[in-house]
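Work through the following exercises with the sequence and the model open. Each task is followed by a solution in steps.

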Amino acid sequence: MTIRTLLACSALLLSACSQTPAPAPEPTETTAPRNIIFMIGDGMGANYLTAYRYFLAEGKQQQIKPTIYDELWTGISSTWPDDQTLVTDSAASATALATGVKTFNGAISVDQQHLPIGTLMQQAKRLGKANGIVASSQVNHATPAAFLAHNKSRRNMDAIADHFFDIRVDGQLVPDVMFGGGLTHFIRDDRNLVAEFQAEGYQYADSWQQLAQLSQAPALALLADGGLPSVLNQQMEAPLQLMTEKALELLAGHSQGFVLMVEGSQIDWCGHANDIACAMAEMHDFARAIQSAKAFVDANPDTLLIITADHETGGLALAADGIYEWRADLIYGVQYTVREITRRMMALEPTELADQWRHWTGLTLTDEQLAEVQAVHQQQPELYALLNGYINQATRTGWTTSGHTAADVPVMAYGAGAEQFTGFMDNIDIAKRIMGFIQLSAN
Ligand code: MG
Ligand code: ZN
């Protein structure tokens with residue numbers, strides 16, 4: 001047998017296999033969870049889970065323990081979109097996760113003909129359940145948008161926000177809880193969606209103090225004009241966990257159960273910035289939100305917790321430059337995102353640069369590096385690239401791209417029906433199994 005024939009055979013086998021995704025046990029009414037908590041770490045490839053494990057251990061071998069991600073890990077998922085790229089964006093992947101249908105990059109729950117595809121939250125509402133979305137980006141950013149809106153482009157963020165209010169299922173609004181950023185898309189010159197939601201009986205919060213006081217669903221909290229501040233740059237330790245706990249509190253009493261989507265939106269933004277300290281801070285907040293969700297499942301066993309990512313971002317590698325070492329311990333010294341450190345460095349006198357850099361990163365500039373920094377001290381992109389490079393070099397962190405990659409992503413599941421999410425699957429399988437549960441639990 002020639003190599004060519006071998007390859008042809010294995011290609012055939014592969015294509016035969018791809019028609020039949022890993023068989024999952026048939027769900028039954030008795031196993032169908034009443035509540036579903038669907039958590040999405042945007043950009044969170046399996047490599048981010050590895051990085052977070054060694055980050056938590058501060059790189060010390062005797063401290064390495066399974067993280068909450070490791071404890072819940074059950075499977076792995078492919079993420080390719082319905083075009084020729086293999087590399088999905090968050091819109092196409094969120095559409096797959098929200099509808100069970102693949103589409104093209106940029107699309108928000110519409111198909112190749114730009115026709116709307118029904119989402120699992122619309123299905124849940126039709127069957128009498130409540131819905132919630134929580135995100136550290138704008139609530140109408142691509143990932144949450146795909147659960148509630150339909151648009152040929154994720155960029156049409158005002159039109160997407162309009163859909164949150166305008167799309168009705170059997171006369172009812174689809175989202176019962178919406179927490180995140182994005183105020184500028186909800187209060188605009190042409191329309192005040194906040195006032196419209198309030199007129200429909202929604203409680204409204206635009207500060208963390210007011211969020212804490214929300215007492216019942218339906219409720220809307222818009223906590224920033226755009227995305228929320230990066231976790232690493234703010235005093236608040238776990239904003240996503242706070243929002244998740246409040247959402248669960250408000251949804252818990254619903255008689256028919258609920259579907260809650262929680263997105264760790266900015267893991268992806270740190271990946272695009274190739275900023276490892278930023279990524280670990282967002283992973284930590286997401287981990288804490290997962291802890292709260294897991295505690296909810298323990299108290300309410302008719303709940304499924306399912307966690308995955310929409311794609312991997314950055315091509316993160318835990319070693320670089322041929323050196324057998326990843327310095328997770330050094331990440332702790334980095335106190336702000338590289339973007340924020342760059343902003344602060346630009347405001348300094350040239351003589352202050354070396355000391356402040358040590359203060360903000362725990363790293364020391366060599367004479368050669370100091371000269372490089374002084375040469376581009378007032379040029380943002382050049383200074384940013386230099387400083388980011390120093391942190392990646394010191395920690396031996398590699399990145400292949402400022403965009404996304406086609407790498408598979410982890411799947412984690414816990415609680416009622418978790419056995420449906422083991423082994424290899426594709427992102428649309430996850431949505432199909434969730435939609436199966438929603439249908440069954442309403443019967
Ligand atoms: Mg997202
Ligand atoms: Zn992205």
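**Exercise 1. Find how β10 and β13 pair, and place β13 in its surroundings.**

Solution. Step 1: β10 and β13 run antiparallel and are joined by five bridges; two strands count as paired if DSSP finds at least two bridges between them. Strands (E, at least two residues) and helices (H or I, at least four) are DSSP runs, numbered from the N terminus. The model is predicted: local features need pLDDT of at least 70 and side-chain atom pairs pLDDT 80 or more, while totals for chains, interfaces and linings use all residues. Residues are numbered from 1 along each chain as its sequence is written, chains are lettered from A and ligands numbered from 1 in the order written, and side-chain values use heavy atoms, without hydrogens and water.

Step 2: The bridge partner of I306 in β13 is A413. 

Step 3: β13 also pairs with β2, in the antiparallel sense over four bridges, and there W73 has M412 as its bridge partner. 

Step 4: Five of the seven residues of β13 are buried, so the strand is largely enclosed by the rest of the structure. Buried means under 20% relative accessible area, exposed over 50%, and partly exposed in between (1.4 Å probe, protein chains only).

**Exercise 2. Write down the strand order of the open sheet of 10 strands and identify its edges.**

Solution. Step 1: The order is β7-β8-β6-β3-β9-β1-β10-β13-β2-β14, and the pairing is mixed. 

Step 2: β7 (203-205) and β14 (423-426) each have a single partner strand, so one side of each is left without a neighbour in the sheet. 

Step 3: On average, neighbouring strands are turned by 15° against each other, direction ignored. Axes are lines fitted to C-alpha atoms, for helices over the stretch in contact, and angles run from 0 to 180 degrees between N-to-C directions. 

Step 4: Helix α18 (residues 427-442) packs on the sheet and touches β1, β2, β9, β10, β13 and β14. Its direction makes about 90° with that of β14. Contact means heavy atoms within 4.5 Å.

**Exercise 3. Trace the pairing around β3 and describe the setting of G132.**

Solution. Step 1: Strand β3 (residues 130-138) runs parallel to β9 (residues 258-264), with six bridges between them; the bridge partner of A135 is E263. 

Step 2: β3 also pairs with β6 in the parallel sense, over four bridges, where G132 has V177 as its bridge partner. 

Step 3: G132 is buried, with a relative accessible area of 1%. Residues up to four places away in sequence aside, G132 touches M121, V177, L251, V259, L260 and M261. 

Step 4: D176 is 44 residues from G132 in sequence, yet the two are 5.6 Å apart, C-alpha to C-alpha. 

Step 5: Five of the five residues of β6 (residues 177-181) are buried, so β6 is largely enclosed by the rest of the structure. Four bridges join β6 to β8 (residues 219-222), in parallel, and G180 stands opposite L222.

**Exercise 4. Which residues donate to the magnesium ion (ligand 1), and where do they lie?**

Solution. Step 1: The protein donors are D42 (OD), T143 (OG1) and E263 (OE), at 2.0 to 2.2 Å from the ion. Donors are N, O and S atoms within 2.8 Å of the metal (3.2 Å for Na, K and Ca); water is not among the atoms, so sites may look incomplete. 

Step 2: The spacing in sequence is D-x100-T-x119-E. 

Step 3: D42 lies in the loop between β1 and α2, and T143 in helix α6 (residues 142-148), so this pair ties together parts that are 101 residues apart in sequence. 

Step 4: Both D42 and T143 are buried.

**Exercise 5. Check the length of α17 and find what its buried side packs against.**

Solution. Step 1: The expected span is 1.5 Å times one less than the number of residues. For the 16 residues of α17 (residues 380-395) this gives 22 Å, and the end C-alpha atoms are 23 Å apart, which agrees. 

Step 2: Buried residues of α17 include L383, Y384 and L387. The buried residues pack against α13, α14, α15 and α16. 

Step 3: R396 follows α17 and has a positive phi, near 60°.
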